[in-house]
Structure formats: C-alpha cells, structure tokens
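Here is my note on the model you sent. The points are numbered so that you can reply to each in turn.

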Amino acid sequence: MLINLLRYEIKRIVWSKKYLYIVLLIVASTYDSLMRLITGGYMGTAPFSDWTYTLFLNLISPLLMVAMIFIISNTFNDKEMRARSIVLSSPISQTQYYILKSAAVFVTFILTSLVPIFMSFIYYKAMFGYNEFGSFINLIFVFLFPTFIFFLGLSMFLGKINIKLIYGLIPVAFLMGALNLGGNIIPIWVDMFGNNFFDMYSLSMLIGREMEVVPFEMPNTFIYTRLEFILLGLMFLLYTCNKGEKK
C-alpha cells in the first residue's frame with residue numbers, strides 16, 4: 001500500500017506544471033553554467049578536473065535546493081492540508097504520512113539532480129571526449145546530498161510550524177548557496193553548500209601552485225561537517241514525524 005502511495009506522490013510532483021517549469025529553469029541554468037563558466041576551467045585547471053566540477057556543483061546547487069524547498073512547501077498548503085485529513089483517516093499514521101511525503105521529495109530530488117548531472121556528462125563527452133566520471137560521483141554525494149537532506153528536514157520542521165517559514169527559507173537558502181563570502185565570515189560548520197569552503201580551499205591550493213595538476217583532496221574536517229548536516233536533517237525529520245499536530 002505504501003509503495004503505491006509513494007508512486008502516486010512522485011507522479012503528482014513530476015507531472016505537475018510547476019515541476020515542468022522547475023526542470024526547464026534548471027536546464028537553462030545548467031546550459032549557461034557549462035557553456036559560459038565551465039568551458040574555460042577553474043583557476044587554470046582543466047574543465048573536466050575535480051576542481052572545475054566542484055565549481056559546477058556549487059553553481060547548480062542553490063537552484064536545486066530552492067526548487068526542492070518550494071516543492072516541500074506544497075505539503076503544507078491549504079489544499080494539501082485538506083487532503084491530509086482524509087489520508088490520516090485511513091490506516092496510515094501521521095509518522096507514515098510524513099515519511100511518505102519526505103520519501104517522495106527525496107526521489108524527486110534524485111530525478112531532478114540527474115538532469116544537470118547527465119547534461120554535464122554529455123557535455124564532457126561531446127566537448128572533450130571525457131567519460132571518467134568516477135570522482136565526479138563522489139563529489140556529487142559530498143556536496144549535494146548532505147545539503148539536500150539538511151534542507152529537507154529543516155523545511156518539513158518549519159512547515160509543520162507555519163508554511164510562511166518555508167517561504168522565508170527559500171531566499172535565505174538561495175543566498176547562502178549563491179554567495180561566496182570567504183574569509184572566516186561563514187564558519188565551516190554552517191557552510192551548508194560547501195561553497196565558501198571550496199572558495200577558500202581552492203585559493204590556498206591553486207594560487208601560486210608549483211604542480212600543474214593539484215589533486216582535490218577534501219580534509220576530514222569538511223567531511224565531518226557534511227555528515228553533521230545529514231544527521232541534523234534526519235533529526236529534524238524525526239521530530240517532524242513524531243511531533244503531535246496542533247488541534
């Protein structure tokens with residue numbers, strides 16, 4: 001039963017006009033990023049280096065996360081709230097309901113992320129004959145998924161309090177992903193997107209380098225913060241699933 005409901009929830013999202021517009025916007029943004037900012041490489045590195053691909057992930061991540069937060073907001077709009085009362089009158093519990101909604105958004109995120117990722121792979125193959133994407137997969141998991149899981153949990157948590165809080169989160173999330181403040185303005189433990197870390201790390205490693213090729217090796221402290229964001233997101237989700245509804 002839950003599997004069928006999950007399929008239904010995913011279809012509701014991906015077959016909507018809103019989702020179509022989101023995908024078209026992501027396609028346009030990805031194409032612009034690849035052709036305008038990635039072709040020349042990043043700070044003297046090759047366009048298909050791990051350094052440049054991390055830049056690409058930094059460029060597409062804000063729009064991806066904002067799109068997902070917007071989709072999550074639909075869980076708490078008036079229309080959905082009326083439908084929820086009917087769903088909860090069935091054998092499905094409140095915990096199962098929110099797990100179902102979160103799982104649908106998670107699958108939708110994977111499907112949506114595959115759009116710019118596949119576009120980048122096709123771009124590298126067509127432009128450079130490059131198809132060694134193994135290290136790119138690692139970067140995708142490190143930079144995209146912890147950020148998404150954190151915002152998934154936080155959005156569900158805020159939405160259960162008040163849907164307006166989700167709408168307020170959208171510009172905050174976009175600015176956090178779009179701005180590279182550097183310095184020590186954004187500590188690594190609140191660097192949700194990892195963009196400020198990447199900016200400072202690349203400057204320290206690539207400026208004045210003696211080697212032509214510099215390996216992109218993420219320090220353990222950065223990996224730990226990504227794991228912390230996953231844990232925080234799961235904690236927010238757990239609280240959302242178990243917190244009683246307001247009467």
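Which residues does T112 touch, not counting residues up to four places away in sequence? Point 1 takes this up.

1. **Surroundings of T112.** This is a predicted model, so please read every value below as computed from predicted coordinates. T112 touches Y19, I26, L64 and M68; residues up to four places away in sequence are left out of that list. T112 itself sits in helix 5, which covers residues 94–128. Its relative accessibility is 1%. Buried means under 20%, so T112 counts as buried.

2. **Secondary structure.** The protein has 10 helices and zero strands. Read from the N terminus, the order of elements is α-α-α-α-α-α-α-α-α-α. The radius of gyration is 19 Å, and the globule rule gives 18 Å for 247 residues. These two values are close, so the protein is as compact as a globular protein of that length.

3. **Extent.** Along the principal axes, the C-alpha atoms fill a box of roughly 65 × 40 × 25 Å.

4. **Burial and contacts.** Of the 247 residues in the protein, 46% are buried. Now take the contacts with a separation of 6 or more. Residues 24 or more positions apart account for 77% of them.

5. **Surface and charge.** The accessible surface comes to about 12,900 Å². Carbon and sulfur atoms hold 69% of that area. There are 18 positive and 13 negative charges in the protein. The mean positions of the two sets are 19 Å apart.

6. **Aromatic pairs.** How many aromatic pairs are there? The count comes to 37, with ring centres within 6.5 Å as the rule. One of them is F157 with F236. Their ring centres are 5.2 Å apart, and the planes meet at 35 degrees. That makes the pair tilted. This pair links distant parts of the chain. F157 belongs to helix 7 (residues 145–161) and F236 to helix 10 (residues 220–242), with the two positions 79 residues apart.

7. **Exposure of F236.** Is F236 buried or partly exposed? Its relative accessibility is 22%. The cut-off for buried is under 20%, so F236 counts as partly exposed.

8. **Aromatic cluster.** Which residues do ring pairs link into a cluster? The members are F48, Y53, F56, F121, Y123, Y124, F128, Y130, F133 and F136.

Notes: Residues are numbered from 1 along each chain as its sequence is written. This is a predicted model: local features need pLDDT of at least 70, side-chain atom pairs count only at pLDDT 80 or more; totals for chains, interfaces and linings use all residues. Side-chain values use heavy atoms; hydrogens and water are left out. Helices (H or I, at least four residues) and strands (E, at least two) are DSSP runs, numbered from the N terminus. The radius of gyration is taken over C-alpha atoms; the globule rule is 2.2 Å times the number of residues to the power 0.38. Buried means under 20% relative accessible area, exposed over 50%, partly exposed in between (1.4 Å probe, protein chains only). Contact means heavy atoms within 4.5 Å. Accessible areas come from the Shrake-Rupley method with a 1.4 Å probe; for residues, only the protein chains shown count as cover. Lys and Arg count as positive and Asp and Glu as negative; His and the chain ends are not counted. The place of a charge is taken as NZ of Lys, CZ of Arg, CG of Asp or CD of Glu. Rings of Phe, Tyr and Trp (its six-membered ring) pair if their centres lie within 6.5 Å; planes under 30 degrees apart count as stacked, over 60 as edge-to-face and the rest as tilted.
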